[in-house]
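This briefing introduces one protein structure to a reader who has not met it before. Please keep the sequence and the model at hand while reading.

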Amino acid sequence: MASASSSSDSDTGGASPPPSSMQANGAGQGQESSELSCLNSAQNGESSSVGGTHSNGLLSSTDNGNNVGTSNGSSVGPCTGTSAASTASSSEVGSLKKKKRLTQAEEDVIRLIGQHLHGLGLNQTVDLLMQESGCRLEHPSATKFRNHVMEGEWDKAENDLNELRALMHSPNAIVRMKFLLLQQKYLEYLEDGKVLEALQVLRGELTPLKYNTDRIHVLSGYLMCSHAEDLRAKAEWEGKGTASRCRLLDKLQTYLPPSVMLPPRRLHTLLRQAVELQRDRCLYHNTKLDNNLDSVSLLLDHVCSRLQFPCYTQQILTEHCNEVWFCKFSNDGTKLATGSKDTTVIIWQVDPETHQLKLLRTLEGHAYGVSYLAWSPDDTYLIACGPDDCSELWLWNVQTGELRTKMSQSHEDSLTSVAWNPDGKRFVTGGQRGQFYQCDLDGNLLDSWEGVRVQCLWCLNDGRIVLASDTHQRIRGYNFEDLTDRNIVQEDHPIMSFTVSKNGRLALLNVATQGVHLWDLQDRVLVRKYQGVTQGFYTIHSCFGGHNEDFIASGSEDHKVYIWHRRGELPIAELTGHTRTVNCVSWNPAIPSLMASASDDGTVRIWGPAPFLESQEADGHMDS
């Protein structure tokens with residue numbers, strides 16, 4: 001009313017408002033604004049009476065009857081309306097008005113900063129920020145609602161919902177919000193031992209809402225709780241107090257537009273999303289994502305160096321005396337198994353500190369050589385298979401070095417591939433001569449599938465479906481329980497090998513003359529073709545790797561190891577050092593910075609970060 005009176009005097013007396021006050025608030029006249037946005041100073045450029053408050057919360061005062069305003073913290077001395085008007089040109093007023101008008105984005109940023117400062121307890125700073133900017137942190141009705149919820153004044157909070165109804169996009173949400181309020185009210189009564197009051201809330205307020213009756217039945221069961229601790233445990237509730245009420249407010253806010261009440265910790269959420277996006281776009285990011293903002297600097301963009309990536313030869317294993325056809329890290333990452341044409345399998349121990357490998361034991365007697373290896377799910381056993389003309393399969397106890405089973409169904413068989421069932425008690429094996437068996441740990445035949453010329457095998461996580469690539473350039477799913485099969489992947493060229501991601505969703509194929517292809521097994525679509533690798537008709541095994549399996553690595557007939565980020569077709573690294581075809585690559589599942597490659601040159605190379613960050617020249621360096 002004081003502001004209206006002042007305005008009326010101005011109209012009748014013919015005197016314009018003091019320009020000092022207009023400059024203090026930066027503005028023009030005739031500009032409308034909502035209560036939720038920054039209020040234009042044209043509406044409050046006129047000073048109020050003594051002790052009055054502007055509509056945007058700015059305070060004005062008088063000094064011996066003369067108006068005193070503030071602009072950016074500086075005071076304007078006493079002056080009369082006419083003298084001030086003569087000193088302020090219209091261009092100056094226009095420039096000030098232009099300077100002080102905030103965009104929607106600027107208003108949003110101020111509100112976000114205000115909310116963050118409020119969360120830190122810097123309430124006076126927030127008040128000053130809102131006053132000086134002319135913004136409101138949230139709608140007055142929302143502020144009142146928040147206070148009533150935090151103080152546990154449930155009847156007043158319910159009344160506040162009627163004021164908020166007009167501001168909401170979905171009026172039906174009022175019922176849900178009321179339900180959440182009454183649920184908190186009910187639980188607090190129970191915790192305080194006010195059973196009759198709680199029962200009244202349940203019967204007289206919650207039930208008539210006719211909303212979420214299943215939840216009401218659960219709530220009624222809490223009446224039987226003998227003490228407060230029992231109630232909190234069964235309800236999975238923090239108990240009466242600030243923590244549970246803050247959690248309640250977070251739920252309630254989801255039904256309100258952000259213009260009315262900001263989502264909780266909104267600035268923190270945006271910053272975390274920005275950090276995650278930068279990490280996702282980083283080609284060499286290979287460590288666990290930490291969502292805690294305290295672990296990163298917000299002052300710098302996220303960048304991972306190639307020097308931290310497994311692109312440098314850390315060790316060359318030369319114990320094999322012929323071509324090395326396969327290598328595979330154990331599931332826990334503590335061991336590496338390598339199979340060679342020299343008829344041996346070597347088990348290597350990985351040092352958890354230095355990541356250096358040392359020979360643990362040699363498993364001998366594979367007359368045809370070892371072209372495929374498979375660790376049991378618990379890493380107790382290792383199965384070794386040979387090339388096409390091998391009809392035998394060896395099942396070794398890795399802990400003791402003893403041969404548990406040497407299996408051969410027929411001398412006509414070709415057992416070149418194997419895959420473990422997730423239960424660790426069964427495995428499937430087969431080859432290109434039409435054998436496809438399911439066996440137990442003693443080599444006893446449990447099931448067989450006739451007429452499938454198997455190139456490569458994989459058991460899915462459900463334990464029922466076995467994937468098999470065959471000579472018809474496809475991957476089919478075979479169910480040994482109900483004896484059904486179906487086509488999943490169809491290529492135009494022979495599938496030399498394939499592997500599946502940990503979650504069972506993606507398959508990585510090495511396709512003859514084509515290279516490395518990524519398929520989505522669920523949608524049955526080709527996702528990506530990776531470029532650069534040389535793939536003829538040799539059997540080359542690629543792999544997923546790195547943290548979260550974000551990377552793909554493959555050997556190549558041009559003697560290199562290629563690494564791609566899963567989302568990009570072009571290689572991010574080409575590793576040189578081998579002198580003949582690289583047959584297999586294995587990424588350590590527990591140490592994302594460790595990788596192994598096996599080659600026809602008779603060596604196994606262990607790749608890791610640069611040994612000296614100052615030097616990018618190393619044996620087996622990364623080509624740019």
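On helix α11, the exposed residues Leu196 and Arg203 lie on the face turned away from the buried side of the helix. That helix is a convenient entry point to a predicted model whose protein chain holds 15 helices and 33 strands. The points below are grouped by topic.

**The two sides of helix α11**

- Helix α11 spans residues 195-206, and its buried residues are Ala198, Val201, Leu202 and Leu206.
- These residues share the same side of α11, because they cover an arc of only 95° around the axis.
- In general, an α-helix has 3.6 residues a turn, so residues three or four places apart point the same way.
- The buried residues of α11 pack against two helices, α10 (173-191) and α12 (213-221).

**Helix α13 and the residue after it**

- In helix α13, which covers residues 228-235, the buried residues are Asp230, Leu231 and Ala235.
- Their directions span an arc of only 115° around the axis, so they are placed on the same side of α13.
- Helix α10 is included in what covers the buried residues of α13.
- Glu236 follows α13 and has a positive phi, near 50°.

**The chain as a whole**

- The protein chain has 624 residues, of which buried residues make up 48%.
- Its accessible surface comes to about 30,400 Å², and carbon and sulfur atoms account for 48% of that surface.
- Of the contacts in the protein chain between residues at least 6 apart in sequence, 49% join residues at least 24 apart.

**Segments annotated as repeats**

- An unreviewed UniProt entry carries the annotation "repeat: WD" for residues 317-351, 363-394 and 575-607.
- In the model, residues 363-394 are 0% helix and 38% strand, and the end C-alpha atoms of this segment are 10 Å apart.
- Residues 575-607 are 0% helix and 48% strand, with end C-alpha atoms 9 Å apart.

**A sheet of four strands**

- Four strands form an open sheet in the order β14-β15-β16-β17, with antiparallel pairing.
- The edge strands of this sheet are β14 (417-420) and β17 (445-448), each of which pairs on one side only.
- From one strand to the next, the twist averages 25°.
- Strand β14 pairs with β15 (residues 426-430) in the antiparallel sense over four bridges.
- Trp420 has Phe427 of β15 as its bridge partner.

**The hairpin of β8 and β9, and the loop before β8**

- Strands β8 (residues 345-350) and β9 (residues 357-363) are joined by six bridges in the antiparallel sense.
- Val345 has Leu363 in β9 as its bridge partner.
- Six residues lie between the strands of this hairpin, in which His355 takes a positive phi near 65°.
- Thr343 belongs to the loop between β7 (335-340) and β8.
- The phi of Thr343 is near 80°, which is a positive value in a residue other than glycine.
- Thr343 is partly exposed, because its relative accessible area is 25%.

**Buried residues in loops**

- Glu392 is placed in the loop between β11 (381-385) and β12 (393-397).
- With a relative accessible area of 19%, Glu392 is buried, since the cut-off for that term is under 20%.
- Beyond its neighbours within four places in sequence, Glu392 is in contact with Lys406, Met407, Ser408 and Leu415.
- The C-alpha atoms of Glu392 and Tyr368 are separated by 9.1 Å, and these residues are 24 apart along the chain.
- Ser593 is found in the loop between β30 (582-587) and β31 (595-599).
- A relative accessible area of 18% makes Ser593 buried.
- Not counting residues up to four places away in sequence, Ser593 touches Asn286, Pro310, His355, Trp607, Gly608 and Pro609.
- Glu549 is located in the loop between β26 (543-545) and β27 (551-554).
- Glu549 counts as buried, because its relative accessibility is 14%.
- Although Glu549 is not a glycine, it has a positive phi of about 50°.

Key:
Residues numbered from 1 in each chain as written. Predicted model: local features only at pLDDT ≥ 70, side-chain atom pairs only at ≥ 80, totals over all residues. Heavy atoms only, no water. Pairing = 2+ DSSP bridges. Axes fitted to C-alpha atoms, helices over the stretch in contact; angles between N-to-C directions. Buried < 20%, exposed > 50% of the residue type's maximum accessible area, 1.4 Å probe, protein only. Contact = heavy atoms within 4.5 Å. Areas by Shrake-Rupley, 256 points an atom, 1.4 Å probe, with all protein chains shown as cover. Arc of directions from axis to C-beta. UniProt positions renumbered as here; feature names shortened; annotations may be inferred.
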